[in-house]
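User: I'm new to this and keep tripping over the labels people use. Can you walk me through how the values lead to the words?

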Amino acid sequence: MFRRIARLFTIKTKFEAFLVIYGLGTGAVERGLHYLDKFPGIGGWMLFFVCPIAVFMAGGKILDGISAAE
């Protein structure tokens, strides 16, 4: 039963990987906008730009994992 549930959360294709990366990206930009509200000025902008960089790094690892599995 656990394996059947775990299969639902496994990324199998590049399309699914791109959907996950898109979701991570939109969440990162939303968090960055909250940082801009909370920390106006250069500090908020620096935190804003760091959020999508983390998504780029995670997206690369996700895509590398998919490519190795094929």
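**From values to labels**

Analyst: Sure! Phe48 is a handy start: its relative accessible area is 14%, and this is a predicted model.

User: Why is Phe48 called buried?

Analyst: Buried means under 20% relative accessible area. Phe48 has 14%, so Phe48 is buried.

User: What makes Phe9 exposed?

Analyst: The cut-off for exposed is over 50%. Phe9 has a relative accessible area of 69%, so the label fits. You'll find Phe9 in the loop between helix 1 (2-8) and helix 2 (14-38). Along with Met1, Ile5 and Leu8, Phe9 makes a nonpolar surface patch of about 550 Å².

User: And why is Tyr35 called partly exposed?

Analyst: That label covers what lies between 20% and 50%. Tyr35 is at 23%, so Tyr35 counts as partly exposed. Phe39 gets that label too, with 36%.

User: Why is the pair of Tyr35 and Phe39 called tilted?

Analyst: Rings pair if their centres lie within 6.5 Å, and these two are 6.4 Å apart. Planes under 30 degrees apart would be stacked and over 60 edge-to-face. Here the planes are at 35°, so the pair is tilted.

User: What makes Trp45 and Phe48 edge-to-face?

Analyst: Their ring centres are 5.7 Å apart and their planes sit at 75°. Edge-to-face needs over 60 degrees, so the name fits. They're three residues apart in helix 3 (residues 42-69), about one helical turn.

User: Which residues form an aromatic cluster with Trp45?

Analyst: Phe48 and Phe49 do.

How values were computed
Residues numbered from 1 in each chain as written. Predicted model: local features only at pLDDT ≥ 70, side-chain atom pairs only at ≥ 80, totals over all residues. Heavy atoms only, no water. Patch = residues over 30% accessible without salt bridge, like charges linked within 9 Å, V, L, I, M, F, W, Y side chains within 5 Å. Areas by Shrake-Rupley, 256 points an atom, 1.4 Å probe, with all protein chains shown as cover. Salt bridge = Lys/Arg side-chain N within 4 Å of Asp/Glu carboxyl O. Helix = DSSP H or I, 4+ residues; strand = E, 2+ residues; numbered from the N terminus. Buried < 20%, exposed > 50% of the residue type's maximum accessible area, 1.4 Å probe, protein only. Phe/Tyr/Trp six-rings, centres within 6.5 Å; stacked < 30°, edge-to-face > 60°.
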